[in-house]
Amino acid sequence: MNDIRDELADIDTIDPATFRDTGTGAYGLTRAGFVPKPYGRLVAEGLALAREMFGPDVDTGPGSVLRRVVELTSIEHARTYTMLSGLVDDLTVPTARGQALDRLGEELGLPRPFDAATGSVDLSFVGAFPAGVESLTLPAGARLLSGGGHHAALSRSVVFTPSRTTQSVPVAAFHPGPEHNLDGATPETTLAMWNALDAALDALAALASLRGDAALEDVVAITQPAPLTGGETRWPDTRYRQLLLRAPRSIWTTRAIEIAVGLVPGVRQVKVIDRYGGLDIDQPIFGNFSFGERVFGTERDLASPYMFTILVAPTAAAIWQGADGLAAAISEAVEDLRPIGLFPDIREAIEVGVGVRADLVIDGVPLSTGTRAVVNASDPAQGLKARLMARVRGYIEGLDFGASISPARITWALMSEPGVADVRNLRLIRYPRGASTIDFFGAADTGGARELDCGEALRTGADEIAVYIDDPADLTII
């Protein structure tokens with residue numbers, strides 16, 4: 001209400017010639033889009049029009065009947081402008097919202113995708129640890145199954161020790177959609193098994209073999225206490241709009257294949273490499289040839305198919321090989337998009353594990369008292385570290401192929417968490433192997449880790465992708 005009064009107090013005099021001009025000026029449909037007239041402008045125009053019609057001596061001062069009528073009608077005019085602005089905005093992808101954005105996406109052949117259902121499971125280590133084995137680590141992305149063949153994965157890593165044999169772990173459905181809102185009411189809709197084909201469970205399989213157990217569930221039992229929820233929700237407008245803005249308007253392009261592969265469950269990043277331009281015929285080079293005098297290149301070997309490369313970085317929960325693996329799903333997704341005679345060479349990116357070690361100064365967060373070891377092992381400290389690792393993971397795993405990892409960005413991510421007063425002695429750790437290949441039974445095994453200086457960026461190759469290996473022990477509260 002105060003804003004309206006301020007607008008009314010600063011109403012400018014409108015030149016009567018404005019009402020005889022057919023142009024809209026700075027308002028209405030312009031080159032920059034639709035610009036609605038503000039309420040104060042509508043009132044000013046209404047009062048100027050009243051003076052034009054009834055004469056300059058008509059009473060249009062505050063409190064007059066004519067002014068009140070103009071103010072009331074201007075409210076409706078402002079609402080009309082707002083409605084028109086919304087209608088115009090809903091015609092284009094950058095400004096459309098809600099159902100209007102859905103309709104534009106359907107025209108492009110990309111309906112708004114579903115989110116993945118989430119929930120939690122209770123994991124219990126059954127029996128005793130064999131001699132010489134002090135812990136068992138299940139990494140984030142380890143796959144679970146229901147009796148009905150539904151897939152889910154651990155959202156964070158979990159460590160079992162003789163003193164900590166039961167933990168509640170968040171999980172997420174591997175495939176999006178409401179059909180994966182597993183209610184746990186029947187064996188077909190209950191997560192109760194491990195996927196024996198998942199390489200991330202090699203440590204669990206080795207321990208089961210060492211103990212002589214018949215199934216992985218005999219070592220770590222799975223209980224689903226509550227249904228998975230959220231699979232019925234769809235992507236928010238911001239994320240969906242980014243997808244539509246990247247979407248091509250033709251099918252025989254690298255961008256079309258990148259979009260199709262990027263929507264396959266289990267794909268984190270994708271890059272299509274079309275070295276000879278066989279996919280994208282809309283490149284400038286094709287307009288520069290004199291077809292009667294030149295050829296595109298050397299004569300093709302008819303016995304060798306033309307290949308283009310699809311470089312894929314899978315998520316932690318993805319299984320690459322097999323009839324139901326990620327490679328097969330990608331091949332099926334691009335089958336109708338590739339030109340005839342051009343075949344994809346689907347390659348898995350080299351995953352470079354990245355760890356972060358740092359000393360943290362905490363201020364404003366209630367922590368336990370005692371020695372440094374007691375403080376770092378307390379539940380408040382572990383919760384703080386989990387939030388910090390989520391921030392670092394969001395930065396590192398959002399990078400593209402070959403991107404350098406900046407220590408300054410890591411520091412900024414850590415310092416953005418409330419309660420972190422300082423980050424000292426930051427070091428980046430490069431692992432040449434993925435987290436699933438590290439021998440978690442060997443406490444002294446660093447997986448070939450190489451520690452970098454605080455100011456040195458961690459660089460990756462063109463076919464490498466960074467994966468964050470979260471270890472709470474690497475973040476020390478001092």
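1. Buried means under 20% relative accessible area, exposed means over 50%, and partly exposed lies in between (1.4 Å probe, protein chains only). By that rule, 38% of the 478 residues of the chain count as buried. This is a predicted model: local features need pLDDT of at least 70, side-chain atom pairs count only at pLDDT 80 or more, and totals for chains, interfaces and linings use all residues. Residues are numbered from 1 along each chain as its sequence is written, and side-chain values use heavy atoms, with hydrogens and water left out.

2. The chain has 11 helices and 18 strands. Helices (H or I, at least four residues) and strands (E, at least two) are DSSP runs, numbered from the N terminus. Contact means heavy atoms within 4.5 Å. Among contacts between residues at least 6 apart in sequence, 72% join residues at least 24 apart.

3. The chain exposes about 26000 Å², and carbon and sulfur atoms supply 54% of that. Accessible areas come from the Shrake-Rupley method with a 1.4 Å probe; for residues, only the protein chains shown count as cover.

4. Now the open sheet. Its 6 strands run in the order 9-5-6-8-3-10, with antiparallel pairing. Strand 9 (191-194) and strand 10 (220-223) stand at the edges with a single partner strand each, so one side of each has no neighbour in the sheet. Neighbouring strands are turned by 40° against each other on average, direction ignored. The axes are lines fitted to C-alpha atoms, for helices over the stretch in contact, and angles run from 0 to 180 degrees between N-to-C directions.

5. At one edge, strand 5 (residues 143-146) and strand 9 pair in the antiparallel sense over 3 bridges. Two strands pair if DSSP finds at least two bridges between them. Ser-146 has Leu-191 in strand 9 as its bridge partner.

6. Ser-74 sits in helix 3 (residues 65-89). Is Ser-74 buried or exposed? Ser-74 is buried, with a relative accessible area of 2%. Leaving aside neighbours within four places in sequence, Ser-74 is in contact with Tyr-39, Leu-42 and Val-43.

7. Leu-49 belongs to helix 2 (residues 39-54). Leu-49 is partly exposed, at 36% relative accessible area. Together, Leu-49, Met-53 and Phe-54 make a nonpolar surface patch of about 340 Å². Patch residues have over 30% relative accessible area and no salt bridge (a side-chain nitrogen of Lys or Arg within 4 Å of a carboxyl oxygen of Asp or Glu). Like charges are joined within 9 Å, nonpolar side chains (Val, Leu, Ile, Met, Phe, Trp, Tyr) within 5 Å.

8. Check the backbone at Asn-425, in strand 15 (residues 420-431). Asn-425 has a positive phi of about 55° although it is not a glycine. Most residues other than glycine have a negative phi.
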